Amino acid sequence: LVAYIPVFFRKIIRGMLNKFAQGYLADSHNVICLDPSTSATFDERYIDFRDLFLTQADAIKAGASGTAPYGKILPRLKSFANDKLLSSDSENGRLPINDIILKSLVKSHSNATSMLQFDGNIFSYVSHENISEMNWIDVRASNFRIEHVDSVGKPLDIMKPHPSDAHVLDNVITLGTGSMKMRGVVSLLVSLEGDAMHLNNENIDISLEVQNAEVFAAIMAKVDKLAFLRFPLRDFMNPFCWLATIPTRGKNEIETHIGASLNVSAALAGLNFSAAELRLGVDCINCTSPGMKELPILLDILESIGTTSHIINKAILNTIELLEGDYLQNEVDQALIEAEMRCPHSPSFNKNVELSNFSMFNTPPSLTSKLSELFLFFGSLSVEVMTVVAAFDQLALKEDATNPSSGQDSLATLENIRLVNFYDPIGGFESFCGMVLDEINGILGATIADPNGHKVGIDRPDLGVNVLLRSTLLKED
């Protein structure tokens, strides 16, 4: 995506900006440069997003000054983008942004028009210790992909100033509109070795399908007015420099969690998610286990009784609660501190600084009662499902073991080797063997008199095989 940005600007954005600049500079009222005041009070040193992105009339309605203190370029650019990218007359709500921007960005990353793919391992767990009668466990998740990325529809609003807060931007996006359901898929490779279960490289795809999913996120950011107005164009494409326009809390204050909700300069102010349809799916890509082949059917049963939807809704609520808390806030604070050291025109710039690993992805969050309840419920359900899978495997093993022809059916014939057919009716040794076997079966299966039968209480004729056994192997008593 980063590599494609210059091409995107050269082919699309540059022409749009040139056309807009020609019309803008033709107005003499727009050629006066602003002189940012250095005597701004503490209350005035942050950007008012209502004046930054709204027209003067709309800014006044929203409670801002409406004097265009940051110029008129950004309001006109935002209005232009809304008209060209975020508005559509189609009945299914499909927007031009799908074809103009999303398809191009996705193709540059994954060489596809509607699927964003991330190759490589995402998660792996390997254990050779005895855990719950399992001698060997190997679980790997990889190749995450998002299908139908270009399914964005209405409502869609990016960086909309909040009418009652000068430093909050509301964002709304709708995914999986119309018949184009957005689908996230991850490949799972499972190998288990135990007394009751044996799975060898079972490959399945786990997917989450959404339709008309609406995501709302309110972002609070206190952007320093002087840093914004004096922003050098040479660092326009540097994201760290834009983050550096947001003041940071002290490092000691962050590490000790002092004033977690006070003096915050950037935060997730609100988050909400709703969807018309959410569906969890499992597809067997390469399943040799009879139990794993039944897994999609088991999931359909759980979905029909509302179990999967209950788990998904609980997971979404817990995720929202986690992101709105201190867990994410500490990561935002750390990112702002590092941004100052990564921006070339910042006084704190240090070209040798190394970005720290976000602890959000390395340190697990503290378990709340709701999160513990979700993990416990999901864990017990997983055990029950794997028990059913093991039962199907054991049932298949018992059926094979009691089949009298199982050994014969599994007998493999070696190449270039001719086996003797003892019942071949024509030709050579096979014919002779067939005659001998027929004679033996006739003698042993015939009913004959036993001269010694009266000694053991048998006075009637008997089968030849019984007469032979009594006369050669058995004692008289």
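## Surface and overall make-up

The protein chain exposes about 30,000 Å² of accessible area, and carbon and sulfur atoms supply 59% of that total. The values here are computed from a predicted model. Of the 477 residues in the protein chain, 32% are buried, and the secondary structure consists of 16 helices and 9 strands. Among contacts with a separation of 6 or more, 63% are between residues that lie 24 or more positions apart in the protein chain.

## The nonpolar core

In soluble globular proteins, nonpolar side chains tend to be buried together. The largest nonpolar core in this model contains 21 residues, and I204, M292 and L295 are those with the most contacts inside it. Two or more residues of this core come from each of the strands β2 (134–147), β5 (182–194) and β6 (198–221), and likewise from the helices α10 (295–304) and α13 (369–401).

L295 gives a more detailed view of how the core is joined, since this residue touches I204, V282, V385 and V389 when residues up to four places away in sequence are left out.

## Aromatic pairs

Ring pairing occurs at several places in the chain, with a count of 5 aromatic pairs. In one of them, the ring centres of F49 and F53 are 6.2 Å apart and the planes meet at 25 degrees, so this pair is classed as stacked, the angle being under 30 degrees. F49 and F53 are 4 residues apart in helix α2 (residues 49–53), a separation of about one helical turn. F49 counts as buried because its relative accessibility is 5%, and F53, at 12% relative accessibility, counts as buried too.

F118 and F144 form another stacked pair, with 6.3 Å from centre to centre and 20 degrees between the planes. This pair links distant parts of the chain, for F118 lies in strand β1 (residues 115–127) and F144 in strand β2, 26 residues apart. F118 is partly exposed, with a relative accessible area of 36%, and F144 is also partly exposed, with a relative accessible area of 29%.

## A nonpolar patch and a ring cluster

A nonpolar patch on the surface is formed by L233, F236, M237 and W242, which together have about 440 Å² of accessible area. F236 and W242 also belong to a cluster in which ring pairs link F228, F231, F236 and W242. Within the patch, F236 is placed in the loop between α6 (225–229) and α7 (239–243), and at 41% relative accessibility F236 counts as partly exposed.

## Two buried polar residues

K78 lies in helix α4 (residues 73–85). Is this lysine, K78, buried or exposed? With a relative accessibility of 16%, K78 counts as buried, because the cut-off for that class is under 20%. Leaving aside residues up to four places away in sequence, K78 touches F53, D157, I158, M159 and K160; F53 is the residue described above as stacked with F49.

S88 is found in the loop between α4 and α5 (97–110), and this serine counts as buried at 15% relative accessibility. S88 touches R94, L95, P96 and K154, again not counting residues up to four places away in sequence. S88 and G153 are 65 residues apart in sequence, while their C-alpha atoms are 8.9 Å apart in space.

Note on methods
Residues numbered from 1 in each chain as written. Predicted model: local features only at pLDDT ≥ 70, side-chain atom pairs only at ≥ 80, totals over all residues. Heavy atoms only, no water. Core = buried A, V, L, I, M, F, W, Y, C linked by side-chain atoms within 4.5 Å. Buried < 20%, exposed > 50% of the residue type's maximum accessible area, 1.4 Å probe, protein only. Contact = heavy atoms within 4.5 Å. Patch = residues over 30% accessible without salt bridge, like charges linked within 9 Å, V, L, I, M, F, W, Y side chains within 5 Å. Areas by Shrake-Rupley, 256 points an atom, 1.4 Å probe, with all protein chains shown as cover. Salt bridge = Lys/Arg side-chain N within 4 Å of Asp/Glu carboxyl O. Phe/Tyr/Trp six-rings, centres within 6.5 Å; stacked < 30°, edge-to-face > 60°.
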